[in-house]
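Colleague: Got a minute? I want to walk through this model with you before I set anything up.

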There are 2 protein chains.
Amino acid sequence: MSDIVADLLRELGPSLVAVGVDIPARNHSDWVGVAPAEPLALVRPRSTEDLATTVRLCAAQAVPVVAQGGLTGLAGGAEPRADWVAISLERMNGIEEIDPATGTMLVKAGTPLEVVQQAASEAGFFYPVDLGARGTATIGGTIATNAGGNRVIRYGMTRQSILGLEVVLADGTIVNALNRFLKNNAGYDIKQLFIGTEGTLGIVTRAVLRLEAEPGFTSAAVCGLPDYPAIVELLKFARRKLGSGLTAFEVMWPSFYDLMTSKVEGVRPPLAGRHGMYVLIESQGTDEAFDAPRFAAFLESAFEEGLIEDAAVARSQGDVQAFWKIRDSVSEFSHVLGPDTALDISLRVAEMDDFVEEANVALRQAFPDMQSVSFGHVGDNNLHLNIHVPGLSKQPKPEIQAIVYELVRRRQGSVSAEHGIGTIKAPFLPYSRNAAEIGLMERLKDALDPKALLNPGKVLIRR
Amino acid sequence: MSDIVADLLRELGPSLVAVGVDIPARNHSDWVGVAPAEPLALVRPRSTEDLATTVRLCAAQAVPVVAQGGLTGLAGGAEPRADWVAISLERMNGIEEIDPATGTMLVKAGTPLEVVQQAASEAGFFYPVDLGARGTATIGGTIATNAGGNRVIRYGMTRQSILGLEVVLADGTIVNALNRFLKNNAGYDIKQLFIGTEGTLGIVTRAVLRLEAEPGFTSAAVCGLPDYPAIVELLKFARRKLGSGLTAFEVMWPSFYDLMTSKVEGVRPPLAGRHGMYVLIESQGTDEAFDAPRFAAFLESAFEEGLIEDAAVARSQGDVQAFWKIRDSVSEFSHVLGPDTALDISLRVAEMDDFVEEANVALRQAFPDMQSVSFGHVGDNNLHLNIHVPGLSKQPKPEIQAIVYELVRRRQGSVSAEHGIGTIKAPFLPYSRNAAEIGLMERLKDALDPKALLNPGKVLIRR
């Protein structure tokens with residue numbers, strides 16, 4: 001038994017420390033499974049103090065650690081190595097306080113996103129971060145990856161909903177930075193260091209979330225448009241006509257729309273005809289009496305301006321959900337498309353369709369019968385491409401990434417809009433960040449984790 | 001002539017470097033003027049390269065530098081010392097690009113806030129950061145201080161409107177981190193290091209701003225309420241009934257409202273009677289047809305619920321401006337109140353009125369005839385107190401701060417909601433941040449500015 005396992009068992013006891021076959025296979029990797037491995041031990045702390053003890057013991061033996069939340073990450077960020085210790089936050093789960101006067105929630109990092117959403121709703125509020133893995137993904141994981149999702153156009157990334165954090169540093173120090181105020185300019189805003197840095201600068205243990213007012217009414221429509229330039233115009237038009245009511249602008253290329261509406265069980269095409277492009281538009285407001293007419297007027301004038309060819313408008317909240325099911329069925333890709341490579345890119349809004357075309361041409365040269373599906377949170381600059389190459393026992397992910405990211409580099413885009421860098425994109429970070437930027441990131445890593453023991457090699461390949 | 005002045009004159013020429021009497025007195029301090037001083041030189045670079053050269057030369061001679069924008073700061077953050085070099089960004093002024101498809105603006109740091117607001121508006125957008133000093137304050141200054149202002153409840157602090165930055169580091173390195181995307185999770189979000197750190201970790205030279213859709217219609221009302229508990233209830237009610245339309249909730253205690261509506265030229269009381277509390281509520285939307293009825297319905301139900309006693313509703317955009325003039329006349333304090341000490345505090349919403357009472361009792365013990373005026377962005381946790389002690393040749397600022405901040409400390413509040421720490425609040429930072437938080441701030445400062453040459457002693461008293 002290695003020294004560190006003996007130390008952990010002695011200090012924390014066997015109920016908190018699993019070894020060997022007692023470590024569930026799911027903790028060997030995250031959703032993408034780059035190089036699954038059984039770590040030296042899996043620690044499941046019950047408290048911040050347990051977690052700090054774990055980190056301190058590992059630091060003393062120079063053993064790297066990785067924090068694990070819901071393990072739904074798409075970049076290998078939560079994957080352990082064989083000579084590391086994995087720390088699962090699953091027992092640090094629960095909501096500690098809701099302040100109704102300000103609209104804030106204090107929550108433990110291992111709490112699933114959906115539990116937070118429901119508790120907010122029960123208290124008359126709304127936690128706006130939302131994504132398909134809501135039932136499994138934890139608040140801590142969404143903070144570590146600065147998760148995006150469906151309503152970024154209105155509410156921003158996770159960063160925007162975080163007021164305060166408690167974190168454990170690389171040496172086991174606990175930092176309580178649980179700010180509860182919407183405004184607080186007392187010194188550096190140190191919580192920013194731990195949002196979106198994928199557990200490489202510290203481990204988030206608790207958070208204060210900013211809650212929003214619960215929307216009283218939701219409008220939605222699926223629209224058919226002639227082409228991508230009409231999408232760009234419609235986005236500007238929707239921003240002006242729906243204002244801050246615009247909560248989603250989810251664009252679907254025909255490759256995506258046709259696949260989902262023909263192959264996914266329970267999903268049918270909401271529009272009768274075929275169109276050059278499709279978009280799901282959602283608007284949230286306070287009251288049907290004021291917000292339904294606004295949405296109807298927006299659609300009507302978009303017709304008159306020739307921006308949309310057809311629209312299916314939700315007549316009920318059931319319709320809203322049915323529309324979202326088209327978009328949310330990305331989790332069905334493995335069934336309806338086959339094993340795939342998922343790409344998550346930022347580009348200028350005006351360039352996205354050209355990019356899709358360009359990427360498909362380049363990919364088809366390498367893989368003539370590849371299938372490409374494209375969709376995205378276009379209003380947030382975020383394009384998703386999912387690629388399937390039929391007839392292979394293993395998808396050529398590295399080759400696909402190399403082809404697509406080279407095109408991203410040329411357009412000064414980002415190789416990660418919302419999924420993070422983790423392991424699988426670390427070699428491509430220089431495609432989207434220059435040497436001075438990466439130098440500054442490395443300087444931060446050296447300052448906060450000088451021995452490179454927190455999730456080393458993730459995000460920054462040299463640290 | 002000191003070595004550094006000779007170096008600067010040689011490398012940059014006399015048109016960029018002022019010395020002695022050629023340095024305008026306004027550059028000897030910022031708005032609050034803690035300890036005005038004539039610096040060794042005032043450099044007015046024309047470009048990022050000029051500015052980087054200045055910082056590099058100063059670093060070589062170990063001469064500290066301070067960056068200056070509009071000099072409207074309220075914490076001494078832009079004040080030079082006699083043995084420092086001051087760098088004014090006034091010539092790095094102008095808008096470089098607006099991308100209408102995404103809604104972003106690339107701007108030089110020395111551009112005044114109002115110029116940015118106007119350029120956004122001319123392009124059909126809205127830059128939401130707004131504050132009284134808009135005509136003078138620069139974008140760079142608002143970034144360095146993470147400025148708040150009037151519409152934080154809807155649009156957040158300046159941080160939320162910043163997508164990318166170009167900065168010059170302590171050694172003169174230029175870092176181009178001019179991200180243009182609403183989503184970009186490619187590595188650490190290093191721009192966060194330079195927002196709200198008051199020029200102590202780097203000097204911001206250019207920025208990419210996120211623009212919002214221009215509101216099509218603005219509603220506003222001044223309401224009279226019986227007491228502070230009604231304010232807390234009305235805030236919750238307004239969040240629910242106005243949703244994301246709620247753009248301002250500016251609370252005025254009678255001490256503020258009575259003073260402003262009786263003493264400021266051109267300001268009259270919009271309400272006939274007297275009330276226990278007052279609030280200016282603003283709601284922005286897209287269209288009078290939908291948004292005016294929503295605002296009217298909100299006010300009507302607030303009456304029915306007994307939350308408000310009376311309301312003056314704006315009938316025109318002229319009325320909206322007249323209502324704002326009551327709130328914005330804080331710039332008239334020196335005329336209507338006399339020389340004062342301005343306090344800018346964060347507290348839990350529910351505690352604010354108790355705090356005002358408590359602070360007034362404590363202040364009156366020390367200064368029996370002191371006058372206290374209170375108002376605030378209550379929805380953002382932000383309370384302002386302005387204190388005037390009559391009959392003194394110099395206001396007892398240190399004593400007033402010590403009394404009020406001790407009470408803030410006991411309530412775990414913040415000594416700076418939006419004004420920053422600068423020089424005058426640096427001794428009080430430990431009242432609102434614990435040792436682990438300050439230790440982390442110092443670690444960052446050491447990592448980015450190891451020789452403590454960027455605005456040393458500001459924010460962090462030991463660096």
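**Helix packing, interface and odd backbone spots**

Modeller: Sure. The model is predicted. Let's start in chain A: the buried residues of α7(A) pack against β12 (217-225), β13 (246-252), β14 (277-285), α9 (317-328), α10 (333-336) and β17 (371-377) of that chain.

Colleague: Which residues of helix α7 of chain A are buried?

Modeller: A:F256, A:Y257, A:L259, A:M260 and A:T261. The helix covers residues 254-263.

Colleague: Any annotation on chain A?

Modeller: UniProt has "domain: FAD-binding PCMH-type" on residues 35-214 of chain A, from an unreviewed entry. That stretch is 18% helix and 24% strand. Its end C-alpha atoms are 41 Å apart.

Colleague: Switching to the interface. How many residues does each chain put into the contact?

Modeller: Chain B gives 91 residues and chain A gives 91 residues. The area buried between the two chains is about 7,500 Å². Carbon and sulfur atoms give 55% of that area.

Colleague: Which three residues supply more of chain B's buried area than any other three?

Modeller: B:K183, B:N185 and B:Y188. Together they supply 14% of the area that chain B buries against chain A.

Colleague: And what does B:K183 meet in a salt bridge?

Modeller: A:D380. The side chains come to 3.6 Å, N to O. Across the interface of chain B and chain A, the rule finds 12 salt bridges. It also finds 48 residue pairs in polar contact there, with both residues at pLDDT 80 or more.

Colleague: Which elements of chain B supply at least two residues to the side that touches chain A?

Modeller: β5 (95-99), α5 (152-155), β9, α6 (228-242), α8 (288-304), α13 (429-432) and α14, each of chain B. α14(B) gives the most, with nine residues.

Colleague: What's the make-up of that side by class?

Modeller: The side of chain B that touches chain A has 38 nonpolar, 31 polar and 22 charged residues.

Colleague: Now the backbone. Where does B:E198 sit?

Modeller: In the loop between β9 (174-177) and β10 (203-210) of chain B. Its phi is near 55°, a positive value in a residue other than glycine.

Colleague: Is B:E198 buried or exposed?

Modeller: Buried. The relative accessible area of B:E198 is 7%, so it falls under the 20% cut-off.

Colleague: What about B:N455, what is its phi?

Modeller: Near 50°, again positive in a residue other than glycine. B:N455 lies in the segment after α14 (435-448) of chain B. B:N455 is buried too, with a relative accessible area of 2%.

Colleague: Last one, B:H388. Which strand is it in?

Modeller: Strand β18 of chain B, residues 382-388. Why call B:H388 buried? Because its relative accessible area is 9%, and buried means under 20%.

Colleague: What does B:H388 touch, leaving aside its neighbours within four places in sequence?

Modeller: B:L337, B:G338, B:P339, B:M370, B:Q371 and B:Q395.

Colleague: Take B:L337. How many residues apart in sequence is it from B:H388?

Modeller: 51 residues. In space the two are 6.7 Å apart, C-alpha to C-alpha.

Colleague: And which atom of B:L337 lies 3.3 Å from a polar atom of the B:H388 side chain?

Modeller: The backbone oxygen of B:L337.

Note on methods:
Residues are numbered from 1 along each chain as its sequence is written. Chains are lettered from A and ligands numbered from 1 in the order in which they are written. This is a predicted model: local features need pLDDT of at least 70, side-chain atom pairs count only at pLDDT 80 or more; totals for chains, interfaces and linings use all residues. Side-chain values use heavy atoms; hydrogens and water are left out. Buried means under 20% relative accessible area, exposed over 50%, partly exposed in between (1.4 Å probe, protein chains only). Helices (H or I, at least four residues) and strands (E, at least two) are DSSP runs, numbered from the N terminus. Contact means heavy atoms within 4.5 Å. Buried area is the accessible area (1.4 Å probe) that two parts lose on being put together, summed over both. A salt bridge is a side-chain nitrogen of Lys or Arg within 4 Å of a carboxyl oxygen of Asp or Glu. A polar contact is a pair of N or O atoms within 3.5 Å; within protein, one must be able to donate a hydrogen and the other to accept it, and residues adjacent in sequence count only if both atoms are side-chain atoms. Ala, Val, Leu, Ile, Met, Phe, Trp, Tyr, Cys and Pro count as nonpolar, Asp, Glu, Lys and Arg as charged, and the others, Gly among them, as polar. UniProt positions are given in the numbering used here, feature names are shortened, and annotations may be inferred rather than shown by experiment.
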